[in-house]
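The following exercises ask the reader to work through one structure step by step. Each task is followed by its solution.

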Amino acid sequence: ITLTKPAWLPEAKKTRIGNKDLRLGEGDTPGDRVKVAGRIHRLRPQKHATFITLIDGYGHLQCVLQAGDLTKTYDAMTFAQGTSLWLYGEMCKVPEGQSAPDGRELHVEYYEVIGASPSEEDAITNRVSSQQNQWDPAMLDQRHLVLRGDNASALMKLRAAVEWAFVKTYKEMNITKVSPPALVQTQVEGGATLFSVPYYDESAYLTQSSQLYLETVLPSLGDVYCIEKSFRAEHSLTRRHLSEYTHVEAELDFIDFTDLLDHIEEVTCRVIDNVLSDPESAAHVKELNPDFQKPVRPFMRMKYAEAIDWLNAQDPPILNEEGKPHVFGDDIAEAAERKMTDIINKPIFLTHFPVEIKAFYMKKDPSDLRVTESVDVLMPGVGEIVGGSMRMEGYEELLAAYEKQGIPAKDYYWYTDQRKYGTSPHGGYGLGLERFLAWMANQHTVRTACLYPRYMGRCKP
Ligand code: 4AD
């Protein structure tokens, strides 16, 4: 049979699923008549009725089609996950003893299919297996369909909330947002991970960090931040490295190293509070990471040299990448860092890294010139989520640092000029948004914290 719009159908209010202000029918009290569009998320045909869980990006809605004309149409018999449709009906309270999202259900009186979805071999459920992990390459190939799932979509909603929390936090702290360029001709974090791009008759890179640009506007804008993409041609496949990631960076003027550490702690905690103060976002955190605990302040502060001792003091000792005990000057590799963070199991400010293993622009610690005023923030389950430092203030010192690293000073004239025209004690940091999310939402890898992750070997979909 085909369905025609019944003449008796009451006037319906067009709404989204997320609308919580609707009157729910119960007993003799009628509910609001609504018209709602969405896609079939789950389908349960039963003898007396067909149950649909409808999604529209704003929530889940249980819809009930009583067995009869409504369920006997060709459309109804070929309903499938993904089918988009208009549903008309009455919003009602879920009967006693049953449960549904928000305690309500739509008693459907009429529907119009907008776009059918295949229910046979090509069905979404066949292409996207819930048995597989979302970071499995086969699932990443189907990312556009995986994103329709509850888990992936909750994470993307949380991502939006976290990004908003950063914006809100910086606003509260009177820090101005700027938007530095993505196409640049300078490196920040070493030549090994630069992506080159042809740029008319010149060559350019995709930015690794906006830090140098942020520094240039301190004199006129005061403290600044940006949330931009950074690009790294990482040649290793790890759980936490992407080729393209969202970088939250801030730069603060007239501060000392302690101010910088205090600020990072403050921002981290305010962002978490801002996320959790929104009931919807708090629900997403609960859903994705039921054991999430707000970190306890003050964060642990540990010097690099102490970390080396700590690694060697473990039983058995946590070894370096060559399988030997760590010595001062070693990079603490991802595996060792992760073990340390997981054992300590709380946020750690790891500070004072040796000059040799850190970037050219970092300020040396006046009380120990072997080390820099630098910090990595380490989180359990993920490891480093923030890298920051105080910046070198002297003109000559900076020129010497370029020279030492083989950086062509002429390309950096605009950065060097900051030391020429009224230098200042300043510092800043960069936070990987995907790593922050991986920590907050307890993800195995940063790949699932991206809409469409980019890493070596993957640039699709
Ligand atoms: O430690 P990094 O390289 O520091 C900088 O880029 C500084 N210039 C930032 C600044 O001071 N304004 O990177 C900062 C953070 C890391 O702690 C990590 O969270 C993230 O950026 N990050 C990556 N995230 C995903 N994939 C990658 N390949 C990343 N590289 C860095």
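**Exercise 1: A helix across two strands**

Task: Determine which strands helix H10 lies across.

Solution. In this predicted model, H10 comprises residues 304-313 and lies across E13 and strand E14 (348-351). Its direction is then compared with that of E13, to which H10 runs at about 85°.

**Exercise 2: The order of the sheet**

Task: State the strand order of the open sheet and identify its edge strands.

Solution. Step one is the order: 8 strands are arranged as E7-E11-E12-E19-E18-E17-E14-E13, with mixed pairing. In general, strands of a sheet pair through backbone hydrogen bonds, either parallel or antiparallel. Step two is the edges: strand E7 (176-177) and strand E13 (300-303) each pair on one side only. Step three examines one of these edges: E7 is joined by 2 bridges to strand E11 (residues 224-231), and the two run parallel. Within this pair, Lys177 stands opposite Tyr225 in E11.

**Exercise 3: The surroundings of H14**

Task: Establish how many residues of H14 are buried and what they pack against.

Solution. A residue is buried if 20 or more other C-beta atoms lie within 10 Å of its own. By this criterion, 8 of the 8 residues of H14 are buried, namely Leu433, Glu434, Arg435, Phe436, Leu437, Ala438, Trp439 and Met440. These residues pack against H5, E12, helix H9 (279-288), strand E17 (374-379), E18 and E19. After H14 comes Asn442, whose phi is positive, near 50°.

**Exercise 4: The crossing of H5 and H14**

Task: Describe the geometry and composition of the contact between H5 and H14.

Solution. Two packed helices are described by the angle between their axes and the distance between the axes. For helix H5 (residues 150-172) and helix H14 (residues 433-440), the axes come within 11 Å and cross at roughly 120°. The crossing is right-handed. Leu158, Arg159, Val162 and Glu163 of H5 make the contact with Leu433, Phe436 and Leu437 of H14. Sorted by class, the contact residues are 5 nonpolar, no polar and 2 charged.

**Exercise 5: The shell around the ligand**

Task: Identify which residues come nearest the ligand and which elements each supply at least two residues of its shell.

Solution. There are 24 residues around the ligand, of which Ser209, Gln211, Gly387, Gly430 and Gly432 come nearest. Next, the elements: strand E12 (244-253), strand E18 (383-390), strand E19 (426-432) and H14 each contribute at least two residues to the shell. Finally, the shell divides into 8 nonpolar, 9 polar and 7 charged residues.

Terms used: Residues are numbered from 1 along each chain as its sequence is written. This is a predicted model: local features need pLDDT of at least 70, side-chain atom pairs count only at pLDDT 80 or more; totals for chains, interfaces and linings use all residues. Axes are lines fitted to C-alpha atoms, for helices over the stretch in contact, and angles run from 0 to 180 degrees between N-to-C directions. Helices (H or I, at least four residues) and strands (E, at least two) are DSSP runs, numbered from the N terminus. A crossing is left-handed if the near helix is turned anticlockwise from the far one by less than a right angle, and right-handed if clockwise. Two residues are in contact if their C-beta atoms, placed from the backbone, lie within 7 Å. Ala, Val, Leu, Ile, Met, Phe, Trp, Tyr, Cys and Pro count as nonpolar, Asp, Glu, Lys and Arg as charged, and the others, Gly among them, as polar. A residue is near a molecule or strand if its C-beta atom, placed from the backbone, lies within 6 Å of it. A residue is buried if 20 or more other C-beta atoms lie within 10 Å of its own, exposed if 12 or fewer, and partly exposed in between; C-beta atoms are placed from the backbone. Two strands pair if DSSP finds at least two bridges between them.
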